[in-house]
Amino acid sequence: MARSPAVPPRPGLVARRRSGAPADRAAHAVVIGGSMAGLLAARVLADHFPQVTVVERDELPDGADARRGVPHGRQLHVLLARGRQSIEALFPGWGGDLLAAGAVLLQLPGDVQMLTPAGLVDRRAVGFEALSASRPLIEATVRRRLCALSGVTLVTGRQVTRLRADDRGVVGLVTRDRDGAEAEVDADLVVDASGRGSRAPAWLTELGYGTPRLILIDPQLAYATRTYRVPEGLTADWKAAMVLAQPPSSRIGGYLYPVEGGRWMLALMGAGGDHPPTDDAGFTAFARRLPHPLIAEAIADAEPLGPAVAHRGTTNRRWEFHRMQRWPERFVVLGDAVCAFNPVYGQGITTAALGVETLDECLRGQRRRFPEGGLDGLAARFQRRLARRNVLPWSVSTNQDTCFPAAGGARPGVAARLQYGFLDRVLAAATWDPAVADVDIRVYGMLDRPTALLRPHVLAAAARTSVTDRRERRPG
């Protein structure tokens with residue numbers, strides 16, 4: 001049966017297929033959602049399927065503009081080092097594209113004042129290089145690279161309304177345009193990367209596979225972001241600043257990062273109902289309430305470039321698809337559609353990229369098992385592997401969030417409280433020992449696993465440090 005996208009592709013979005021690309025019996029993969037997880041998934045699928053279609057309900061901007069389908073797109077985003085590595089592997093030279101578009105290169109922690117309740121993280125640590133840019137710019141540069149690939153079609157302005165399935169699994173989907181016209185799309189593999197608004201749980205129920213279990217942990221946290229023009233003649237020895245909350249004692253924090261266009265983006269966050277206002281006076285007053293005046297002093301002479309924009313979709317949410325007794329063939333779910341985090345930890349894009357790596361690994365393994373191109377067993381296997389890969393970022397986000405007094409969901413047990421005590425000591429040691437700070441920063445960037453914090457030097461430094469031992473390492 002001929003495969004075709006739901007509507008003709010927009011001009012200029014499809015190039016010729018790369019020579020030598022594989023052409024298995026599985027000919028067409030469809031991705032639901034054109035945000036970061038969907039774009040990265042489409043890039044991987046292009047190595048395994050001669051035709052890949054991305055279906056996005058928004059009309060996507062030509063440039064780096066915010067859009068309705070990414071409600072937190074106007075908020076500050078931090079791309080962790082591991083996520084940058086993954087994207088660079090999929091699109092070699094992408095970091096150069098981002099820099100050419102105005103992204104700011106940062107050395108963490110050398111260029112960043114990272115203020116914790118224990119003091120300033122030692123900036124002598126090696127850490128890692130990071131790129132700071134707005135979410136729309138990050139997404140636009142990836143989208144541009146993807147659309148340059150042959151065999152990839154980006155269809156916009158259409159919403160996926162339901163899946164089409166036979167007695168074994170998914171065989172396609174149905175899309176609807178803004179005028180209500182529907183179209184059927186055949187697919188050998190459907191990837192749902194539609195984010196928090198995914199309808200996968202409802203579709204699975206409708207198809208008779210049952211309803212997956214949902215886990216929610218809500219820290220009752222909200223944040224607001226405002227953009228400023230970086231003051232001319234700024235002589236500070238730092239490029240970015242972070243004033244970290246540390247529950248349960250400290251419920252508010254702030255993050256000031258440079259982005260393209262000579263701008264700062266300031267994100268203020270508060271938990272337990274102590275949320276930052278969006279009016280000018282209230283936002284500024286909230287910044288003054290931060291545990292340290294660094295950020296408030298920095299923006300005192302900076303020109304605001306617009307009002308503050310709030311966001312409250314911060315509940316940690318995990319669908320346990322991997323525990324379902326039955327799973328349809330040829331249908332996989334990844335990104336925020338499976339596991340969505342409190343965005344304040346900056347793990348979303350990186351975790352989505354790791355999920356896409358997992359999909360690539362499963363597809364390559366499938367080709368070794370079935371050289372003729374069969375996909376039997378792939379979908380359920382992928383969901384199990386993805387669940388294992390999501391354990392670490394889920395633990396990082398939820399372990400911290402359960403410490404907020406008003407958090408809804410599971411409460412920390414004795415073992416978790418002992419772990420928090422140890423991590424507090426590590427954070428305190430990171431204020432005076434650059435080797436400890438280096439390990440801590442690399443774990444934060446998801447370059448190292450948390451087990452790196454159990455290295456002998458880190459353990460010894462933590463043992464010598466009291467959480468009340470606040471070294472006089474204050475920012476200049």
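Okay, let me start with a crossing: helix H1 and helix H4 cross in a left-handed way. Keep in mind that what we're looking at is a predicted model. So who is touching whom there? On the H1 side we've got Met36, Leu39, Leu40, Ala42 and Arg43, and they meet Arg135, Ile138, Glu139, Val142, Arg143 and Leu146 in H4. Sort the residues of that contact and you get seven nonpolar, four charged and no polar ones.

How do the two helices lie? H1 covers residues 36–45 and H4 covers 135–147, and their axes come within 10 Å, crossing at roughly 20°. Angles under 35 degrees count as roughly parallel, so H1 and H4 are roughly parallel to each other.

Now, H1 has other company too. H1 lies across strand S1 (28–32), S2 and strand S11 (189–192), and it runs at about 170° to S1.

Those strands bring us to the sheet. It's an open one with five strands, in the order S7-S2-S1-S11-S20, and the pairing is parallel. At the edges sit S7 (152–156) and S20 (331–333), each pairing on one side only. On average, neighbouring strands here are turned by 20° against each other, ignoring direction.

Zooming in on one pair: S2, residues 51–56, runs parallel to S7, and five bridges join them. Thr53 stands opposite Thr153 in S7.

Last thing, confidence. The chain averages a pLDDT of 87, with 88% of residues scoring at least 70. But residues 1–24 stay under 50, and over residues 470–476 the pLDDT is below 50 as well. Where pLDDT is low, the predicted coordinates shouldn't be read in detail.

Key
Residues numbered from 1 in each chain as written. Predicted model: local features only at pLDDT ≥ 70, side-chain atom pairs only at ≥ 80, totals over all residues. Heavy atoms only, no water. Axes fitted to C-alpha atoms, helices over the stretch in contact; angles between N-to-C directions. Helix = DSSP H or I, 4+ residues; strand = E, 2+ residues; numbered from the N terminus. Parallel < 35°, antiparallel > 145°, perpendicular 65-115°, else oblique. Left-handed = near helix turned anticlockwise from the far one by under 90°. Contact = heavy atoms within 4.5 Å. Nonpolar A, V, L, I, M, F, W, Y, C, P; charged D, E, K, R; others polar. pLDDT = per-residue confidence, 0-100. Pairing = 2+ DSSP bridges.
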